[in-house]
Amino acid sequence: MFKKAIKDNGRLFLRFFVSLVVTCILMSVLSFTVSALSASETGSATETEILAENPDAITGENIDSSVMKELIGIDGSQTLEIVLLITILSIAPSILVMVTSFTRIIIVFSFLRNAMQTQSIPPNSVLTGLSLFLTVFIMWPTFTDIAENAYTPYSNGEIELSEMADRASDSLKTFMLKNTTKSNMQFFLDLSGKSVYEEKPSEEQPAEEDSAFTPIEPLPDLFGEKVDLNETTEELTDFTDQLGLETVIPAFIVSELTRAFQMGFLLFIPFLVIDIVISSTLMAMGMMMLPPSMISLPFKVMLFVLVDGWQLLVGTIVSSFNV
């Protein structure tokens, strides 16, 4: 009778057995976790009491070795430091791409490939590699300035990490301001509700003997006269101290996209003329079924090679930057 019940309800007994095993495992893990937490709380409490009794046990070397303390002035655990470093390393490539000349270069190369209709020739890896090396070539003066004025003093222990970051950001900001249009910068200043002011020259006023005090000037006069970047003849680098990275970076990116699309438009014109001529010729000859791109592609490649297109294009891109 018992064997028959087991045979008829075998699946139910199997589920019950598996559930029992899983429950036992979970109870064991839970008990182990509770014991570990209680032990850690006891250890941390003991450590806290020891540190309270002996404050000298915390050495300055351990505190100063914290990366978070150098960045934000607050000491953190190793886990937080690792998370912070991983986050910085994960977004560093995107940041470097956005604040360098890479954006304009890769977009122009993409326009060239689309205008020639060569599909995937040159491959993406070749265009990306060439763009990276051209970026290093163009940004070399900026990288050298960062190495000399920021990294070298920091590695020698002359400056702190925060000051090194400020010097490096100032060098990148100078490069970006040289390649940012005034209209884009003024646009983002208006969006953020900020303004730049022209420094008011200091004028020595004669002291008045009768008055006991000198009246305070209005607040805008202390900063100087408000400047409209679209109308001023001064360069953006003259306002480096007043412009923050939160407005410089988006203005620089929009300026790079604008120039890249302008260069792409000019690249399309000669290849578009070839397409029009080939299409008109094929229609005049009655070859309606022959794709014009198949005939125009060799002429585009021949024209680009005859005029030494790569040298002209790279030279134009490099000379378009203000360094």
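The following exchange concerns a helix pair and a pocket in a predicted model.

Colleague: How are the axes of helix α7 and helix α8 arranged, roughly parallel or roughly antiparallel?

Modeller: The axes of α7, residues 124–155, and α8, residues 161–178, come within 9 Å and cross at roughly 165°. Because angles over 145 degrees count as roughly antiparallel, α7 is placed relative to α8 as roughly antiparallel.

Colleague: Which class of residue, nonpolar, polar or charged, has eleven members in the contact of α7 with α8?

Modeller: The crossing of these two helices, α7 and α8, is right-handed. On the α7 side the contact includes Met139, Ile146 and Tyr154, and on the α8 side it includes Leu161, Leu172 and Phe175. Asp145 of α7 and Arg167 of α8 also take part. By class, the contact of α7 with α8 has two charged residues and three polar ones, while the class with eleven is nonpolar.

Colleague: Which helix gives the most to the lining of the second largest pocket?

Modeller: The second largest pocket has a volume of about 270 Å³. At least two residues of its lining are supplied by each of α11 (245–284), α12 (292–306) and α13 (309–319). With five residues, the helix that gives the most to this lining is α11.

Colleague: How many charged residues does the lining of the second largest pocket have?

Modeller: The second largest pocket is lined by 13 residues, and those that lie nearest its centre are Leu267, Pro270, Phe304, Leu312 and Leu313. By class, the lining of this pocket has eleven nonpolar residues and two polar ones, and the number of charged residues is none.

Definitions and conventions: Residues are numbered from 1 along each chain as its sequence is written. This is a predicted model: local features need pLDDT of at least 70, side-chain atom pairs count only at pLDDT 80 or more; totals for chains, interfaces and linings use all residues. Side-chain values use heavy atoms; hydrogens and water are left out. Axes are lines fitted to C-alpha atoms, for helices over the stretch in contact, and angles run from 0 to 180 degrees between N-to-C directions. Helices (H or I, at least four residues) and strands (E, at least two) are DSSP runs, numbered from the N terminus. Angles under 35 degrees count as roughly parallel, over 145 as roughly antiparallel, 65 to 115 as roughly perpendicular and the rest as oblique. A crossing is left-handed if the near helix is turned anticlockwise from the far one by less than a right angle, and right-handed if clockwise. Contact means heavy atoms within 4.5 Å. Ala, Val, Leu, Ile, Met, Phe, Trp, Tyr, Cys and Pro count as nonpolar, Asp, Glu, Lys and Arg as charged, and the others, Gly among them, as polar. On a 1 Å grid over the protein atoms alone, a cavity is a set of points where a 1.4 Å probe fits but cannot get out, and a pocket is an open set with protein on both sides within 12 Å along at least five of seven lines; lining residues have an atom within 4 Å of a point. Grid points are joined across faces, edges and corners, and a volume is the space filled by probe spheres set on the points.
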